[in-house]
Amino acid sequence: MKAQPLLPAVLKRRRAPRVAVLALVLCSLLVPLAFLFDGAPSGYVTTEERRRQEVVLPKFDHEEKRRPTGADRERQDAPERKIPRSSSGVIHQQTPEKNISKSSTGVIHHQTPEKNISKVLPAPKVEPSKDVTDSTKVARDASQEGEKADEVEKAKSCQLEFGSYCLWSIEHKEIMKDHIVKRLKDQLFVARSYYPSIAKLQGQEALTQEMKQNIQDHERILSVSTVDADLPSLINRRMKQMERTLVRAKSCTVDCKNVDRKLRQILDMTEDEAHFHMKQSAFLYNLGAQTLPKSHHCLSMRLTLEYFKSSSLDSDDSPGKFSSPEYRHYVILSRNVIAASVVINSTVTSCKEPGYLAFHILTDAQNFYAMKHWFARNSYKNAAIHVLNYEAIILERLPKYTIWQLYLPEEFRVLIRSIKQPTENTRMKYLSLFSHSHFIIPEIFKYLNKVVVLDDDVVVQRDLSFLWNIDMGDKVNGAVEFCGLKLGEMKNVLGKTAYDPKSCAWMSGVNLINLDKWREHNVTENYLLLMKKFKVKDELSLMKAAAFPLSLLSLQHLIYPLDEKLTLAGLGYDYGIDEEVARRSASLHYNGNMKPWLELGIPDYKKYWKRFLVRGDRFMDECNVNP
């Protein structure tokens with residue numbers, strides 16, 4: 001009976017440890033919560049805060065926003081206070097332009113300023129980090145440089161294969177038309193790429209049939225419509241149907257290799273087709289550049305017919321002028337009546353004493369009578385003009401020169417690329433050089449000692465009389481040098497013949513020839529010996545190609561460099577010539593394919609040439625020459 005009162009006491013003694021354990025568990029839960037909500041105790045730096053102290057993070061334009069509390073509003077309105085130190089002396093990192101508050105534990109925290117409902121404060125300016133800006137700029141510059149490098153590489157390959165056609169095609173690039181037709185073709189290409197893979201999938205018979213029907217519809221529409229105006233009225237609905245079908249096809253699990261291979265095949269076919277059309281267009285461009293315009297051919301035929309009708313004009317005016325040393329003699333090789341007329345008209349117009357000028361025009365038998373009749377009909381300020389049949393002179397007076405055809409100055413396209421900076425844009429130049437007929441000039445004009453040779457694509461804007469006062473010493477050919485190209489850089493063209501690798505190339509256009517020195521140095525004989533050494537045959541293509549090495553080698557060490565300002569070259573291919581520079585130049589040379597009398601000619605430069613056209617001629621009006 002006495003043992004029963006002891007049971008409650010035992011239970012009470014056993015209950016005390018349980019309460020202690022529960023208290024410890026509760027404390028273990030509350031302490032982490034205190035860390036989460038109130039921060040670390042004074043003097044304790046969390047891992048996140050250590051990272052914030054050691055690494056300087058960039059600022060960003062956006063900030064994390066939260067709903068403002070009443071305490072936040074009070075702190076915004078309160079004046080700025082000094083930052084107190086914690087009991088351990090640790091001061092946490094502070095971000096500029098941010099308000100500072102202190103928690104109940106004495107730890108300093110960062111706080112983002114918030115907008116007050118009653119008082120709106122201006123948002124602080126947060127600029128992007130310099131590192132982020134620099135990296136973005138570097139990436140953008142790298143992308144731009146990559147695109148520029150691709151464009152340069154494309155320009156190089158295009159100019160290497162097609163020459164000035166690339167420049168002309170860029171300037172005359174047409175704006176893409178018929179966008180809907182091109183969109184239909186794109187959809188058709190994609191559908192054809194996916195169709196073989198979709199057709200192999202089980203359970204996609206309906207999609208396969210739908211794709212097949214859409215492909216057939218597109219093929220039928222494109223077979224009868226090549227421009228947007230020919231498309232049927234319901235074309236937009238057909239395009240939307242195809243687009244939906246393609247979306248479904250792309251959502252299916254297909255063999256990507258097959259689709260990729262099909263797309264690559266289409267891409268290769270498209271590139272091949274584009275290259276074919278480019279080659280075709282370049283061929284037509286070159287054909288147009290080398291063909292005499294129909295209006296000019298009409299003029300030549302009309303003048304030839306008129307010449308035989310009026311034989312009274314078959315007489316040379318004052319033949320003594322053409323051999324007199326008192327006159328300044330010009331030699332022009334040309335088959336183009338209008339071009340030769342512009343050269344002479346511009347020269348006499350720019351000369352102070354045109355009455356002392358004598359022009360010798362060397363032409364072929366086909367255009368000889370048209371030239372004679374034209375210059376007999378038109379006067380050029382009392383200048384003497386002598387038209388010569390080059391082919392007849394060679395056959396009758398100089399039979400030892402077996403090549404009797406007239407060859408005009410030859411032009412060669414040269415691509416120049418820097419070895420030190422291969423990524424630099426390739427420069428394209430057209431060099432005009434003497435042809436075979438130029439080396440016969442001293443034999444034709446044995447009675448003259450000095451002449452100026454003009455190409456028929458030259459326009460003279462200043463008086464050239466000063467050329468006769470130049471003492472070239474022992475030199476033969478006064479020409480404008482082009483030192484961007486030296487003989488040492490053309491080993492594959494010049495062969496094993498001895499030459500000075502540092503000698504510069506030169507250009508024809510306006511050339512002062514000392515005929516006495518020419519004969520003294522036996523330039524023509526050396527030229528013929530080089531022809532035998534290079535095994536040049538009497539064929540048009542071979543003679544044109546051989547003019548490059550033969551001209552440079554025959555006259556090396558015999559070139560007298562004239563002032564570069566004498567002739568501005570490139571008006572037949574370079575779109576970037578400054579207008580002020582063109583006006584100040586003594587002469588303009590339209591070397592290149594885009595001659596001023598062609599439709600291909602550069603419009604901005606044609607005005608300098610058209611200024612010296614003869615106006616009001618009946619035959620020009622009838623043949624519609626430069627209306």
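Is C504 buried or exposed? In this predicted model, C504 is buried, with a relative accessible area of 16%. The sections below treat the disulfides, the strands and the aromatic contacts.

## Disulfides

The structure contains two disulfides. One of them joins C483 to C504, with an S to S distance of 2.1 Å. The link of C483 and C504 is right-handed, with 100 degrees about the S-S bond. C483 belongs to strand β10 (residues 477-486) and C504 to strand β11 (residues 504-514), so this pair ties together parts that are 21 residues apart in sequence. The partners differ in exposure: C483 counts as partly exposed at 43% relative accessibility, whereas C504 has 16% and is buried because the cut-off for that class is under 20%.

C298 and C623 also form a disulfide, and their sulfur atoms are 2.1 Å apart. The torsion about the S-S bond of C298 and C623 is about -65 degrees, so this disulfide is left-handed. Distant parts of the chain are linked here: C298 lies in helix α10 (residues 294-309) and C623 in the segment after α21 (618-622), 325 residues apart. C298 is partly exposed, with a relative accessible area of 28%, while C623 counts as buried at 7% relative accessibility.

## Strand β5 and its neighbour β4

Six of the six residues of strand β5 (residues 384-389) are buried, so the strand is largely enclosed by the rest of the structure. Both of its faces are covered: A384, H386 and L388 are buried on one side, and I385, V387 and N389 are buried on the other.

Strand β4 (residues 357-363) runs parallel to β5, and six bridges join the two. In one of these pairings, A358 of β4 has A384 in β5 as its bridge partner. Between the two strands the chain passes through helix α12 (residues 365-377), and the resulting β-α-β crossover is right-handed.

## A three-stranded open sheet

Strands β9, β14 and β13 form an open sheet in the order β9-β14-β13, with mixed pairing. The edge strands are β9 (458-460) and β13 (568-569), each of which pairs on one side only. The contact of β13 with β14 (residues 587-589) is parallel and extends over two bridges. L568 has L588 in β14 as its bridge partner.

## Aromatic contacts

A search of the whole structure finds 16 aromatic pairs. One of them is the tilted pair of F375 and Y380, at 5.7 Å centre to centre with 45 degrees between the planes. Both rings belong to buried residues: F375 has a relative accessible area of 9%, and Y380 has a relative accessibility of 3%.

F412 and F548 form an edge-to-face pair, 5.1 Å centre to centre with 70 degrees between the planes. F412 lies in strand β6 (residues 410-416) and F548 in helix α18 (residues 540-554), so the contact ties together parts that are 136 residues apart in sequence. F412 counts as buried at 15% relative accessibility, and F548 is buried with a relative accessible area of 8%.

Ring pairs also link F434, F439, W506, W518 and Y527 into a cluster. A contact between a charge and a ring is found as well: R618 lies over the face of F619, at 4.2 Å from the ring centre.

Notes:
Residues are numbered from 1 along each chain as its sequence is written. This is a predicted model: local features need pLDDT of at least 70, side-chain atom pairs count only at pLDDT 80 or more; totals for chains, interfaces and linings use all residues. Side-chain values use heavy atoms; hydrogens and water are left out. Two strands pair if DSSP finds at least two bridges between them. Helices (H or I, at least four residues) and strands (E, at least two) are DSSP runs, numbered from the N terminus. Rings of Phe, Tyr and Trp (its six-membered ring) pair if their centres lie within 6.5 Å; planes under 30 degrees apart count as stacked, over 60 as edge-to-face and the rest as tilted. Buried means under 20% relative accessible area, exposed over 50%, partly exposed in between (1.4 Å probe, protein chains only). A charge sits over a ring if NZ of Lys or CZ of Arg is within 6 Å of the ring centre and within 35 degrees of the ring normal. A crossover is right-handed if, with the strands pointing away from the viewer, the path from the first strand over the helix to the second runs clockwise. A disulfide is a pair of cysteine sulfur atoms within 2.5 Å.
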